[in-house]
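Biologist: I'd like to learn how the words used for a protein model are earned. Could we take them one at a time?

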Amino acid sequence: MYHFFVPEADGASGRITIVGSDVNHIKNVLRMKPGEKIVVSNGEDCDFYCVIAEILPDRVEADVLPEEVEESELSAKLILFQGLPKNDKMEWIIQKAVELGAYEIVPVAMKRSVVRLDEKKQKTKIPRWNSISESAAKQSGRRVIPEVTGVMSWKEAMTMAKQMDRILVPYENARGMEATKEALEQLKPGMKVGIFIGPEGGFESSEIEEAREAGALVISLGHRILRTETAGMAALTMCMMQLELS
């Protein structure tokens, strides 16, 4: 079932109006007709099953159905702190992280990050990254659209992470998977969990020490060294499984 976001959506009136680019998408791309069912989210905490009532030139009117939409969000908020990767890898990382349940994505300029985004470049990149997040949220049936923040320094990211309930740092030199299992078992509903992923060159040892001093649990993702775009997905998948089972 196709999924759309309407920030002001309120089921109390019994009808929701869809405007903007989604109108063209419904009419000319999906070629939907009145009577077809869709899901509408307000992007925060409410989903509604709806049936399309009218498709007009500038808007789509949908009637709210009484059925409850199954919860699609994880019981804890996973915040992915991603070391800036090269090329367009960040776009792929955002798309897949949203599909796997990340609540927020924070690009981080780490010591071994080759890419440096100045303020001018960020003005182009950040809206593009958030557009990818929204598309992935629609595709995967998310209730919220995960925000992709502006690029943070390592110090800024650590300050933000210190406010969270748990910090996980996958690192190739970490001890075995038993420690990873112990760390995952600490994840509980309602927590905010920061997951730090290094760039292509990995973390500097000083960054790992600073993370430990901030209370981070340094974990292993197995015996193989994963690429930066793979490591985050592996960590999110492990956390997702733990939370779905808890």
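**How the labels are earned**

Modeller: Happily! R112 has a relative accessibility of 35%, so R112 counts as partly exposed. Keep in mind that this is a predicted model.

Biologist: What makes 35% "partly exposed" for R112?

Modeller: Buried means under 20% and exposed means over 50%, with partly exposed in between. The 35% of R112 falls between those two cut-offs, so the label is partly exposed.

Biologist: Why is the pair E204 and R112 called a salt bridge?

Modeller: A side-chain nitrogen of Lys or Arg must lie within 4 Å of a carboxyl oxygen of Asp or Glu. For E204 and R112 the N to O distance is 3.7 Å, so the pair passes. E204 is in the loop between β11 and α6, while R112 is in the loop between β7 (104-109) and α3 (119-140), so parts 92 residues apart in sequence are tied together. E204 itself is partly exposed, at 27%.

Biologist: Which residues are joined into one network by salt bridges that share partners?

Modeller: Those are R15, E54 and D63. The search of the whole structure finds 15 salt bridges.

Biologist: How do you know that K89 forms a salt bridge with E200?

Modeller: Their closest N and O atoms are 3.2 Å apart, and the limit is 4 Å, so the pair qualifies. K89 belongs to helix α2 (residues 89-99) and E200 to the loop between β11 (192-197) and α6 (205-213), with their positions 111 residues apart in sequence. Both are partly exposed: K89 has 21% relative accessibility, and E200 has 29%.

Biologist: What makes K89 and E229 a salt bridge too?

Modeller: Here the N to O distance is 3.9 Å, which is within 4 Å, so the pair counts. Because K89 is in helix α2 and E229 is in helix α7 (residues 228-245), this bridge ties together parts 140 residues apart in sequence.

Biologist: Is E229 buried or exposed?

Modeller: Buried! Its relative accessibility is 15%, and the cut-off for buried is under 20%.

Biologist: Which residues have the most contacts inside the largest nonpolar core?

Modeller: They are I94, I105, W129, I195 and L236, in a core of 38 residues. Helix α7 gives the most to this core, with six residues.

Biologist: What makes a group of residues a nonpolar core?

Modeller: The members are buried residues of nonpolar kinds, joined through side-chain atoms within 4.5 Å. In soluble globular proteins, nonpolar side chains tend to be buried together.

Biologist: And which residues does L236 touch?

Modeller: Leaving aside neighbours within four places in sequence, L236 is in contact with L78, L80, A97, L100, A102 and I195. A second, separate core has 22 residues, among them A161, I167, F203 and A211.

Biologist: Which residues lie nearest the centre of the largest pocket?

Modeller: Y171, E172, I225, L226 and A231, out of 27 lining residues. This pocket has a volume of about 470 Å³. Its lining has 12 nonpolar, eight polar and seven charged residues.

Biologist: How do you know that a residue lines a pocket?

Modeller: A lining residue has an atom within 4 Å of a pocket point. Y2, H3, F4, S21, D22, H25, L30 and K138 line the second largest pocket. That pocket has a volume of about 160 Å³, and α1 supplies three residues, the largest share of its lining.

Terms used. Residues numbered from 1 in each chain as written. Predicted model: local features only at pLDDT ≥ 70, side-chain atom pairs only at ≥ 80, totals over all residues. Heavy atoms only, no water. Helix = DSSP H or I, 4+ residues; strand = E, 2+ residues; numbered from the N terminus. Buried < 20%, exposed > 50% of the residue type's maximum accessible area, 1.4 Å probe, protein only. Contact = heavy atoms within 4.5 Å. 1 Å grid on protein atoms, 1.4 Å probe; cavity = no way out; pocket = protein on both sides within 12 Å on 5 of 7 lines; lining within 4 Å. Points joined across faces, edges and corners; volume = space filled by probe spheres on them. Nonpolar A, V, L, I, M, F, W, Y, C, P; charged D, E, K, R; others polar.
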